[in-house]
Amino acid sequence: MRLTTDKVRVRVPATSANLGPGYDSFGLALALYDEVEVHATIDPKIEVKVIGEGAGTVPTDAAHLVARTVLETFDEVGVPRTGLELTCVNAIPHGRGLGSSAAAVAAGVLAVKGMISDPGALAPATVLAMVARREGHPDNAAPAVLGGLTLAWAPGPNAVRMAIHPDLVAVVAIPPTRLDTRTARSVLPASVPHADAAFQASRAALLVEALGRRPDLLLDATDDRLHQEQRRGVMPDSLALVDALRRKGVAAVVSGAGPTVLVLGTGDSARLLTEVRDVFGPVMAGWQIREMQIDTTGGLVEQL
Ligand code: HSE
């Protein structure tokens, strides 16, 4: 394998995993993007410029997640390593449950796909497997790569895209604080009561119908007994917002491992935004509440 293009631009969407009962399996791509220009250079230096989210905090050398992924993907497909100049324009907040690390890893793998002589070596299923293996969360990797609403399952990972009702709209409430996914996973119990497992199975199955055909069922379909309540102690404000919205009949869930809150509804997203703002009130300073279109294309690479 060799490089036939030395400069590409990649765009990868934010993703919201779980969607309530679909723990570690459901994922939704959101139209909030990280964009990376990747230039493979003869000069062996690795230089990374970051604009937007992560600027001033993430590494700007070979330790940067996109750079590291590009170099390791070169190794995997059998391309000699080069130097790299990366320019990252990031809109996905870090540590908020919106799939920023899956987006970074997907960007690295897709950049290599755009540069190599046989891009067929990185078909979508291979890209998905590489991203999920490196990043660890197929429920974010699948929508980041494929776009839309996805269901991922192990082993594999395998993933399918599922139908989304055209009226579905989303709002996110993003807190100012970060939560590490490892911390959020460390508070989960090793086992759950059988009755909760049965409840969860019914809601996860119902969620497929609600998201695809019957959004009127979203409130019931987004109910969860496996992870959200168990994580209340590490994100009390997020759970308070989820509770307050659900009491008003609004389908709110924790986005991924949190602490962002994802709100799903139908019709007019501006109305949903107002509903969320009304419930939210002035109490939680520093949160951003915004409408979010659903991304249906997934990660894209273009040659420059
Ligand atoms: N499903 C994972 C969790 C998040 O809730 O821990 C994946 O990003």
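Which residues surround the ligand? The close-ups below take that up, using a predicted model.

**Figure 1. Meet the neighbours of the ligand.**
In this predicted model, the ligand is surrounded by Asn18, Tyr23, Asp24, His137, Asp139, Asn140, Arg185, Arg231, Gly256 and Ala257. Sort that shell by class and you get four charged, four polar and two nonpolar residues. Two elements, β2 (22-41) and α4 (138-146), each chip in with at least two residues of the shell.

**Figure 2. Zooming in on polar atoms beside the ligand.**
Start with Asn18: one of its polar side-chain atoms lies 2.8 Å from an oxygen atom of the ligand. Next comes Asp24, where an N or O atom of the side chain is 2.6 Å from a nitrogen atom of the ligand. Over at Arg185, an N or O atom of the side chain sits 2.6 Å from an oxygen atom of the ligand. How much of the ligand does the protein bury? On its own the ligand would expose 260 Å², and the protein buries 96% of that.

**Figure 3. The pocket that holds the ligand.**
Here we step back to look at the space itself. The ligand takes up space that is the largest pocket, with a volume of about 870 Å³. A total of 44 residues line this largest pocket, and Leu65, Ser100, Ser101, Glu135 and Thr181 are the closest to its centre. By class, the lining of the largest pocket has 16 polar, 15 nonpolar and 13 charged residues.

**Figure 4. Who builds the wall of the largest pocket?**
Plenty of elements pitch in: β1 (7-18), β2, α1 (65-77), β4 (83-90), α2 (100-115), α3 (124-135), α4 and α5 (181-186) each give at least two residues to the lining of the largest pocket. Which element supplies the largest share? That would be α2, with six residues of the lining. Two names from the first view turn up again here, since β2 and α4 each also supply at least two residues of the shell around the ligand.

**Figure 5. A look at the second largest pocket.**
This one holds about 180 Å³ of space. Its lining counts 13 residues, and the closest to the centre are Gly249, Ala251, Leu264, Gly265 and Thr266. Which elements each supply at least two residues of this lining? They are α7 (218-221), β9 (261-266) and α9 (269-280). The lining of the second largest pocket breaks down into seven nonpolar, three polar and three charged residues.

Terms used
Residues are numbered from 1 along each chain as its sequence is written. This is a predicted model: local features need pLDDT of at least 70, side-chain atom pairs count only at pLDDT 80 or more; totals for chains, interfaces and linings use all residues. Side-chain values use heavy atoms; hydrogens and water are left out. A residue is near a molecule or strand if one of its heavy atoms lies within 4 Å of it. A polar contact is a pair of N or O atoms within 3.5 Å; within protein, one must be able to donate a hydrogen and the other to accept it, and residues adjacent in sequence count only if both atoms are side-chain atoms. Accessible areas come from the Shrake-Rupley method with a 1.4 Å probe; for residues, only the protein chains shown count as cover. On a 1 Å grid over the protein atoms alone, a cavity is a set of points where a 1.4 Å probe fits but cannot get out, and a pocket is an open set with protein on both sides within 12 Å along at least five of seven lines; lining residues have an atom within 4 Å of a point. A molecule sits in a cavity or pocket if more than half of its atoms lie within 2 Å of its grid points. Helices (H or I, at least four residues) and strands (E, at least two) are DSSP runs, numbered from the N terminus. Ala, Val, Leu, Ile, Met, Phe, Trp, Tyr, Cys and Pro count as nonpolar, Asp, Glu, Lys and Arg as charged, and the others, Gly among them, as polar. Grid points are joined across faces, edges and corners, and a volume is the space filled by probe spheres set on the points.
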